[in-house]
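Grab the model and work through these exercises on its inner spaces and its helix packing. Each task comes with a solution that goes step by step.

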Amino acid sequence: MSDSPALDSFLEKWRARWPEWSVAEIFVPVERRERAVAWFALLQEFEDALNIAGDPLPADAKLAWWSEELRGWANQRSRHPLGRTLEPVRAPWTRLADALPILPAARAQAADAEAAFAALATHADAVAAVEAVVLGRPVPAQAIAAQMLAGRLADVGPAVAPVAVAQQAGQGEHALLRHWGRMLQQRWGSPRQGARERRIVGAYAQARLARFIKAGEPSTLPSQAALLFTGWRAARGD
């Protein structure tokens, strides 16, 4: 735990969303854990704004606030609790700030898979550039976009699948979910890419997508032994 209750609340919010992390964090050096969780918690803020249900104006305002906040981080000024951990890192925060305004447009249903990835390309490229500094190793932008689209599928449902994918999938929401989910798996690439922390989270995210495709709805987590094995393999880069 940090010495800031406000920071801890944001870190715990992400950990509650990703309980798998508590099983696998033993494979991450203690001194790297808070920064990694802070980084993933920041990305979750953006994904929540992308996947908002109902009136988008509050989410759009939140993205605008974050854009301003990240520009402050570039000048070593921060207001948000996550900045206590992340702002001292000399990453290209302004590039990430510049990419946030594209997210509202990415909520629209894409024409096809290429358009769905293209809608997130600027943001994913910026995330990859920052992560290369924050976690010390680059990850392909396409893997970031695939993980975001998988999270969007789980949060919003099959209706977010591109138009062309829906036309190809056949009848029923589960058929559409399976078809789009499998396309995301193919484009995601190997979970062995990126820093150890990214590999662990990516492996768990891919496992969530696989279970979602099979069940047609979010499902319970597997056993702790299975989670530990997945985390261990991802940490090793297997």
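**Exercise 1.** Work out how many cavities of 30 Å³ or more there are, and find what lines the largest cavity.

*Solution.* Start with the count: two cavities reach 30 Å³ or more. A cavity here is a set of points on a 1 Å grid over the protein atoms alone where a 1.4 Å probe fits but cannot get out, and lining residues have an atom within 4 Å of a point. A volume is the space filled by probe spheres set on the points, which are joined across faces, edges and corners. Bear in mind that this is a predicted model, where local features need pLDDT of at least 70 and side-chain atom pairs count only at pLDDT 80 or more, while totals for chains, interfaces and linings use all residues. Residues are numbered from 1 along each chain as its sequence is written, and side-chain values use heavy atoms, with hydrogens and water left out.

Next, the largest cavity holds about 70 Å³. Its lining includes Val 139, Ile 144, Trp 188, Pro 191 and Arg 198. Two helices, α8 (141-156) and α11 (196-215), each give at least two residues to that lining; helices are DSSP runs of H or I, at least four residues, numbered from the N terminus.

**Exercise 2.** Find which residues line the second largest cavity.

*Solution.* This one encloses about 50 Å³. Among its lining residues are Phe 10, Lys 13, Trp 14, Glu 45 and Leu 82. Helices α1 (5-17) and α3 (30-50) are the elements that supply two or more.

**Exercise 3.** Back to α8: describe how α7 and α10 pack against it.

*Solution.* Take α7 (residues 113-134) to begin with: its axis lies 8 Å from that of α8, at an angle of about 120 degrees. Axes are lines fitted to C-alpha atoms, for helices over the stretch in contact, and angles run from 0 to 180 degrees between N-to-C directions. So α7 is oblique to α8, oblique being whatever is left once angles under 35 degrees (roughly parallel), over 145 (roughly antiparallel) and 65 to 115 (roughly perpendicular) are taken out.

Now α10 (residues 173-188): its axis and that of α8 come within 9 Å and cross at roughly 160 degrees. That makes the two roughly antiparallel. On the α8 side the contact (heavy atoms within 4.5 Å) includes Ala 143, Gln 147 and Leu 153, and α10 brings Trp 180 and Trp 188, among others.

How values were computed. 1 Å grid on protein atoms, 1.4 Å probe; cavity = no way out; pocket = protein on both sides within 12 Å on 5 of 7 lines; lining within 4 Å.
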